[in-house]
Amino acid sequence: MENNDKPSYWLSLFTILCTLYIAPFMLGYAGWYTTNPYRDILFYVPFQQLFLIPPVLYFYCKTLFDKSFVFQGKRNLIHFVPALLYLLYALIIFVTDKFVLGESYFYKDGRDKDFSFWYQFSGFAMLFFYLIKSLGIYNRYKAMTYDTISYADSLTFSWAKRFLLGFVTLLFIRLLFFILNPEWAEFGRKFWYYLLFSILFYYISISGFINSIRSVTSFKDSLIKPASHSDQDAFPPSEPATPHSDNPGEPEPKNEIKDIAIWMAKIETLMVKDKMYEDPELSIYHISQKLDTHSKRISQVINQGFSMNFNDYINQHRVKAAVQKIKAGEHTLQTLLGIGYACGFNSKSTFNRAFKRHTAQSPNDFIKKNIPE
């Protein structure tokens, strides 16, 4: 299985599990809980896999944001131990009631074990734990991307944020439900929860499949060369740098690099004289190859010397070049978007966002306030 297909497999499994999760609610309204053999199916089949959904979400994020991730035996299987134990528990109940005792010993109270408070609350705790881990993966991916490629703003971070914020919302909905209605056996009193859950999981699933992206970063400390440009679907990957802080763009103190001023001058030369920023797919790998050094050194020089991440550093030079072109009157000969493309930006939104960030004005406002008519 190709690495770039793995997120879709995990997302498919997540979608199936969420569909099973809401199945008892839908079938309960259809009257299956009062009629056999449907009643036994609902009681003895563990539809609500509360111990399985959280790790599936976690590994979806791992494969989506870390191109180097490979699912490995015992190290990763441990995440699924609670789910396997619950499946064993459900099997023991079924065998005992149907074959050993021949009567509903475990189900004599007439209540589905999937809705036991201990199970629902434990599932809630697991979801919270793995959501935090998934958010950590996302933040690490975002920090690495901004530290290694010059077109980070063009990636679908907005979708990834919505994906994870959707789960945060779901988490608070579940917490609210525990407080307002801890009795999980009454279907009629929790229709709103399942309705909101369905909306969220359909949104997440559809967004995930439509906005499938190939990760450009690897969490492993290895040099990754750009992919062939013949692969039109792939972003050219680059070597990741270790994230410097919890907040992208705010490097934490590191050991000072020897001759940092010399390295800063070398990098500036590539920008000012060679105009490498004009390459819309420029990555930190390309800079390191030009200077015959390791990408981590370039990343540290930019972080420590220029006090910004790689993406902001390159975009700063692109904005400076755009300002020079505007002052030279080129905006009267071509569109502002054309100027942005000529300076290395690959989209209008990225150009406008970077221009405003570095000049505190939009391109149009800059022209109105600084360029005489």
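## Close-up views of a helical protein

The accessible surface of the protein comes to about 19,000 Å², and carbon and sulfur atoms account for 59% of that area. The model shown here is predicted. Here is a short tour, one view at a time.

**Figure 1. The whole chain has 15 helices and zero strands.** Of the 373 residues in the protein, 48% are buried. Take the contacts between residues at least 6 apart in sequence: 71% of these join residues at least 24 apart.

**Figure 2. Thr-15 sits in helix H1, which covers residues 6–29.** With a relative accessibility of 19%, Thr-15 counts as buried, because the limit for buried is under 20%. Look for Ser-205 beside it: the side chains of Thr-15 and Ser-205 make a polar contact at 3.0 Å. Leaving aside residues up to four places away in sequence, Thr-15 touches Phe-201, Ser-205 and Phe-209.

**Figure 3. A nonpolar patch of about 1,100 Å² lies on the surface.** Among the residues that make this patch are Ile-78, Leu-85, Phe-94, Phe-99 and Tyr-105. Phe-94 is a good one to find, as part of helix H5 (residues 81–100). Its relative accessible area is 30%, and Phe-94 is partly exposed.

**Figure 4. Asp-40 and Lys-98 form a salt bridge.** The closest N and O atoms of this pair are 2.7 Å apart. Asp-40 belongs to helix H2 (residues 38–44) and Lys-98 to helix H5, so the pair ties together parts that are 58 residues apart in sequence. Both partners are partly exposed: Asp-40 has a relative accessibility of 25%, and Lys-98 has a relative accessible area of 35%.

**Figure 5. Arg-357 and Asp-312 meet through their side chains in a salt bridge.** Here the N to O distance is 3.0 Å. Arg-357 is in helix H14 (residues 348–359) and Asp-312 is in helix H12 (residues 310–327), so this pair links parts that are 45 residues apart in sequence. Arg-357 is exposed, at 59% relative accessible area, whereas Asp-312 is buried, at 8%.

**Figure 6. Lys-325 and Glu-330 also pair in a salt bridge.** Their side chains meet at 3.8 Å, N to O. Glu-330 is partly exposed, with 25% relative accessibility. The count for the protein comes to three salt bridges.

**Figure 7. Two cysteines, Cys-61 and Cys-343, are buried.** The relative accessible area of Cys-61 is 0%, and Cys-343 has a relative accessibility of 1%. The count of disulfides comes to zero.

Technical notes. Residues are numbered from 1 along each chain as its sequence is written. This is a predicted model: local features need pLDDT of at least 70, side-chain atom pairs count only at pLDDT 80 or more; totals for chains, interfaces and linings use all residues. Side-chain values use heavy atoms; hydrogens and water are left out. Helices (H or I, at least four residues) and strands (E, at least two) are DSSP runs, numbered from the N terminus. Buried means under 20% relative accessible area, exposed over 50%, partly exposed in between (1.4 Å probe, protein chains only). A polar contact is a pair of N or O atoms within 3.5 Å; within protein, one must be able to donate a hydrogen and the other to accept it, and residues adjacent in sequence count only if both atoms are side-chain atoms. Contact means heavy atoms within 4.5 Å. Patches are made of residues with over 30% relative accessible area and no salt bridge: like charges are joined within 9 Å, nonpolar side chains (Val, Leu, Ile, Met, Phe, Trp, Tyr) within 5 Å. Accessible areas come from the Shrake-Rupley method with a 1.4 Å probe; for residues, only the protein chains shown count as cover. A salt bridge is a side-chain nitrogen of Lys or Arg within 4 Å of a carboxyl oxygen of Asp or Glu. A disulfide is a pair of cysteine sulfur atoms within 2.5 Å.
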